Amino acid sequence: MKDSVSNRLSRSFEWHSSPIDWCEPNYAVTSSIVEYYNTVSNLVFLVLSSLLLYLFAPFARAHSYRVQILWVLFLGIGAGSAYFHATLSLAGQLIDEAGILWCMGSSVAFWLPREWLRVVPGRIFVDREQWFEKGMLVATAVLTVMGCFWPLVNSLFLMVTTVPFAIAITHDVIRCRDTLARRVAYKAIVFWVLAVTVWLSDRFACGLWRSLSLPGVHWLWHYLSLLSGYHAITYLVYRDAAYSAKNGRPTMRMWPSGDWKLLGVSYVEMIPNEELEMIEDPGLFEPFERCKNC
């Protein structure tokens with residue numbers, strides 16, 4: 001039994017041991033990398049995640065370090081995906097999918113709208129939020145182990161978790177007073193639709209791309225899914241701080257400046273209560289219009 005498990009583990013690191021082979025021709029650029037463009041396209045994960053760790057540092061100190069966990073996971077996704085496409089090994093596939101799995105699971109645990117938990121009676125779970133967060137993280141750990149034996153579990157979970165994200169983002173974006181925050185939410189949705197379209201076309205329209213002498217379009221999925229995920233998390237962080245922060249109010253910023261509305265990087269900052277008291281109309285920084293059932 002030990003030998004069979006050991007052999008199975010050893011074989012999972014062999015090149016081409018994964019059942020997945022994307023549209024890009026193997027070894028088309030160099031004999032050292034199986035899928036060159038799908039591999040190097042992951043560099044954007046490493047660059048953008050590092051920048052986001054820097055930009056969100058003041059927010060993390062002022063409100064919550066949870067968002068920094070997600071950017072670290074993004075770094076892991078980029079590294080894991082690069083290793084997978086460079087080798088097409090089963091181990092690389094599982095590492096890649098595990099990073100995405102924990103990113104999605106952690107995001108749901110941290111930023112699912114807390115008003116959704118009101119359907120759970122208080123007498124059953126006194127502290128609904130803590131129970132939900134712990135339960136979601138435990139479920140993610142269990143699914144990670146299951147995914148090692150049945151990789152299809154990872155794909156199913158990733159598809160399912162996009163539903164609450166889409167609902168959460170569109171739930172009250174119309175009431176959001178911050179124009180930049182609304183733009184971030186809409187970008188997350190648009191980029192996700194484009195990313196899914198590209199992913200499907202690479203899987204099912206490979207002949208078309210090869211007839212055009214293109215190396216597939218899975219590399220483009222990496223860019224679009226990163227943009228969608230980063231915009232979605234940024235908006236959910238902003239939304240969560242708007243409802244839960246007691247030491248200030250969140251505001252959306254752009255890097256390198258507010259003039260870069262299309263190509264800039266969005267991030268969240270906290271306006272301390274002390275600064276709000278010096279503003280003549282603090283209501284201008286009220287992120288969401290108040291409603292009875294929010």
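Phe149 sits in helix H7, which covers residues 128–149. In this predicted model, Phe149 is partly exposed, with a relative accessible area of 48%. Phe149 also helps to make a nonpolar surface patch of about 590 Å², together with Val138, Val142, Val145, Met146 and Trp150.

Let us step back to the whole chain. Its secondary structure comes to 12 helices and two strands. Reading from the N terminus, the order of elements is α-α-α-α-α-α-α-α-α-α-α-β-β-α. Of the 294 residues, 46% count as buried. The accessible surface comes to about 15,700 Å², and carbon and sulfur atoms account for 65% of that. Among contacts with a separation of 6 or more, 69% join residues 24 or more positions apart.

Two of the helices can be set side by side:

| Helix | Residues | Reach, first to last C-alpha | Expected reach | Buried residues |
|---|---|---|---|---|
| H6 | 90–111 (22 residues) | 31 Å | 32 Å | 18 of 22 |
| H11 | 218–244 (27 residues) | 38 Å | 39 Å | 20 of 27 |

The reach of H6 is close to the one expected at 1.5 Å a residue, and H6 is mostly covered. H11 is also close to its expected reach. Because 20 of its 27 residues are buried, H11 is largely enclosed by the rest of the structure.

Now for the aromatic rings. The structure holds 10 aromatic pairs. One of them joins Phe56 and Trp71 in a tilted arrangement, 5.4 Å centre to centre with 55 degrees between the planes. Why does this pair tie together parts that are 15 residues apart in sequence? Phe56 lies in the loop between helix H3 (43–55) and helix H4 (57–62), while Trp71 lies in helix H5 (residues 66–87), so the pair links those two parts. Both Phe56 and Trp71 are buried. Ring pairs also link Phe56 and Trp71 with Phe45, Phe59 and Phe74 into a cluster.

Another aromatic pair is made by Phe110 and Trp111, this time edge-to-face, at 5.6 Å centre to centre and 75 degrees between the planes. Phe110 is buried, with a relative accessible area of 8%, and Trp111 is buried too, at 6%.

A last stop is Ser12, in helix H1 (residues 2–12). Is Ser12 buried or exposed? Ser12 is buried, with a relative accessible area of 9%. Leaving aside neighbours within four places in sequence, Ser12 is in contact with Ser17, Ser89, Leu90 and Ala91.

Terms used: Residues numbered from 1 in each chain as written. Predicted model: local features only at pLDDT ≥ 70, side-chain atom pairs only at ≥ 80, totals over all residues. Heavy atoms only, no water. Patch = residues over 30% accessible without salt bridge, like charges linked within 9 Å, V, L, I, M, F, W, Y side chains within 5 Å. Areas by Shrake-Rupley, 256 points an atom, 1.4 Å probe, with all protein chains shown as cover. Salt bridge = Lys/Arg side-chain N within 4 Å of Asp/Glu carboxyl O. Helix = DSSP H or I, 4+ residues; strand = E, 2+ residues; numbered from the N terminus. Buried < 20%, exposed > 50% of the residue type's maximum accessible area, 1.4 Å probe, protein only. Expected span 1.5 Å × (residues − 1). Contact = heavy atoms within 4.5 Å. Phe/Tyr/Trp six-rings, centres within 6.5 Å; stacked < 30°, edge-to-face > 60°.
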